[in-house]
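Thanks for taking a look at this structure with me. Below are a few numbered points to help you find your way around.

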Amino acid sequence: MTRLIHLLLLTLLSMAAAGPALAAAEAGSFEITLPPGSQVVVLAICIVYFVAILLFGMVFGRYTKDTNDFFYSSQKFPWWLITASMVATGIGSYSFLKYAQAGFNHGLGSTMTYLNDWFVMPFFMFGWLPIIYFSRVRSIPEYFERRFNWVVRYLSVVVILGYMLYYIGYNLFTIGVAIEGITGIGIWTSVLVCTLIIGVYVTVGGQTAVIFTDLVQGIMLYLAGAVVLIGGMIWLGGPGEFWGWLPPEFRQPFTPINLDPNLGTANTFWGEGIAGSIAFTFLNQGFIMRYLAAKSVNEGRKAALANVVFLLPLSAVVVSCAGWVGRAMVTKGATEGLIPFELADTYHTFTTVVWTVMHQNIYVFGFIMAALLAALMSTVDTLINACAAVGVNDLYRRFVKEERSERHYLTAARWISAGATGIGLLLVWLFTTMQADLFNLHYKGIMVIIPAMVTVIFMGAFWPRFNTPAAITAMVGGSAINLLSLKFPQWITPLSDFVLASPPAGIDPNYSLFRGLFGVVVTAAIGIMVTFLTPRPAVEKVTGLTVFSLGEAMAKFKGSLPNFTRGRRVISTSLGLAVDEAAAGRIRLPQQVMEELAVREGDLVYVADSRRWLGGVRSVQVPAGPAASGAAILLDAATLDKGSLQVGHAVRAEKIF
Amino acid sequence: MSAVGTRRPLTVALSALAVILALWGLPRLLMAWLGIDGHWTPYLYQYAMGGIVFVVGLGVILASGACDFKRPGDRMWFGVLVFGYLWYAALHGLFTWLAFAVPFHGE
């Protein structure tokens, strides 16, 4: 606790250090001209928000008892909490800036990357999600080792860690740039403060803190988007006026199929919608950990459904709407001979439009800026926790300290979280030295690194015949050829011509997105070829790890054959919990409850505090023992403590399967 | 230890060939029919190409037994998958239509 207080004090001191930088700010460096003294108001709002989130996140540290809690929250959360927390994770600090800019330049076409994920959902909901859930893998590299061998595992560790650390640095840098542009505070000061706060609550609270703070931050982000959209519509005279002043080509939800080299429908679909969506749903350790925190596979499916069908469209509106409003304002202004705002660089579309539609109200502007910080924190906290998961499970347990206590690994996880935060901070220095356009650099990196891994994981999960030599050759060969395509972009032309039907003469296709598809195709071709030239894998090696053996995976997860007999889904009972050491790691339900749920001995049961608003933070998944003779529900003290459940409190019970 | 077998290799090969042909032929048909800058060309491109990927996904989960209609809930989740596709197709279709159905105030 003393250590935490020290960290908190250090944070506040860092914030105080921002003062001189603020005073030194020059009005000329801002894209918008804030009235004198107003930066202090913005800063104060952000500080209040920072401290509130820090304290809120730290509260959940007490629910973390072992590494399973720290990374996966012991598979106990309901779908709505998982979904809500994913909202904030999916919106990074740069999203508002990037998509507002795209919305201003391309209209509703800016939403394309958010709204093309559904096509891969059959593979995810019925394939990848149950595979990783039932096989109890703790990280993506661990799946690679079990499905193939240690070589594939460590190839993937290098790629995944590099990708996530790069992403942490990138997010921190973009927030630094945004804060500098608005308040004049130097990049290093703002990045240092942000890093410290995120580092503290992730290091202390782990996944539970991440999920709960992201829930709050997601609400904050949506509120900010609503304020901008409604404010913009009021400025323009209502929703009808907004739509009326938006030029028709900007109202279309797609850009022209291949006339735009940066954001054409065809290359966005193949690069982002297919390769990118598979990477996002199959490979993003942060998202995978969210799904693994769900209390069952069905809850994970519900979370995916709610996220992709309802919340991603909302998120697309939230991050893009400033750009659409700005475009409608400019069109209206041009017709009526007014200039609503000066926009020297469309990178600042978001802040400029917000400032204008809010009629220079500094308090609302401060709130919106706090939302920008929320976007940063909610993305980076997930990545830090994911880095710690890979660090502990794939490196520390294997190479540093084997066979230690859970307490030992929990401490190691916290140190690795702190280390990942520090490395992210160091990477900011790298970005400050770069002269290239970061947006393009970012996409270029993703489309070079990810495709080979995405393809290997996909083939591993959906093709039992795919074997270890093929996985190694495909991953190394696919990555190498994809990397070489940077030097020889003409290699991609036959493929883009094949699926695009040749762009018109004079159009120079930008290959950054098509490179994703190229990498997938090349890796798959190598993988298929080597698979057929080498021996088939043993059945035992792949059982439970491909879509063709999910029944076995479920049985292994449960420890006995699944019981699909239908019973009542959930029992809310007024029965309290009682401690009985004879339960010995099992739950003993009264006979009547067992019959209503159709639970047999050995079935997995989820028991949670009856107060639903707790979001499952007081709950546990435990196998059923023999029926209890009395009216109480019996657990041993260790299980009760693991679920943070309270004796005497009413609970609800549910059969998992 | 027994080795993994191959299920219905001819069906798999023929399905793959059909998918490759569709991926090559559909964009060309669309371009010839609506033109490269037609209002509905990008919409139909995404839902035709995406539809192929989606149907292959449904085929794989049914053929593998990962989705088994005899298991409680699987039929419902299969319906949810189809609903999701139709939901997005309807949403995008509505906005593509609205883009040109509402008069533009400017010049």
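**Notes on a predicted model**

1. Let's begin with a single residue. H106(A) sits in helix 5 of chain A, the helix that covers residues 93–106. Please keep in mind throughout that this is a predicted model.

2. Is H106(A) buried, partly exposed or exposed? Its relative accessibility is 22%, so H106(A) counts as partly exposed, since the buried class ends under 20%. If you would like a sense of distance, look from H106(A) to L283(A): their C-alpha atoms are 29 Å apart, with the two positions 177 residues apart along the chain.

3. Now for a residue in another setting. S156(A) belongs to helix 8 of chain A, which spans residues 150–183. With a relative accessibility of 0%, S156(A) counts as buried because the cut-off is under 20%.

4. What surrounds S156(A)? Leaving aside residues up to four places away in sequence, S156(A) touches P141(A), F144(A), M453(A) and M475(A). The S156(A) side chain also reaches the backbone oxygen of R153(A), at 2.6 Å.

5. Stepping back to the whole chain, you will find 25 helices and five strands in chain A. Chain A has 657 residues, and 64% of them are buried. Of its contacts with a separation of 6 or more, 83% join residues 24 or more positions apart. The accessible surface of chain A is about 23100 Å², and carbon and sulfur atoms hold 66% of that.

6. Next, the interface. How many residues does each chain bring to the contact? Chain A gives 63 residues and chain B gives 61 residues. About 5500 Å² is buried between chain A and chain B, with 74% of that area coming from carbon and sulfur atoms. On the chain A side, F119(A), F126(A) and F254(A) lose the most area to chain B, and together they make up 13% of what that side buries.

7. As for polar links, twelve residue pairs are in polar contact across the interface of chain A and chain B, both residues being at pLDDT 80 or more. The count of salt bridges between chain A and chain B is zero.

8. Which elements of chain A face chain B? Those giving two or more residues to that side include helix 6 (121–134), helix 12 (265–283) and helix 14 (297–336). Helix 14 of chain A supplies the largest share, eleven residues. By type, the chain A residues that touch chain B divide into 44 nonpolar, ten polar and nine charged.

Methods. Residues numbered from 1 in each chain as written. Chains lettered and ligands numbered in written order. Predicted model: local features only at pLDDT ≥ 70, side-chain atom pairs only at ≥ 80, totals over all residues. Heavy atoms only, no water. Contact = heavy atoms within 4.5 Å. Buried area = accessible area lost by both parts, 1.4 Å probe. Salt bridge = Lys/Arg side-chain N within 4 Å of Asp/Glu carboxyl O. Polar contact = N/O pair within 3.5 Å; in protein donor to acceptor, adjacent residues only side chain to side chain. Helix = DSSP H or I, 4+ residues; strand = E, 2+ residues; numbered from the N terminus. Nonpolar A, V, L, I, M, F, W, Y, C, P; charged D, E, K, R; others polar. Buried < 20%, exposed > 50% of the residue type's maximum accessible area, 1.4 Å probe, protein only. Areas by Shrake-Rupley, 256 points an atom, 1.4 Å probe, with all protein chains shown as cover.
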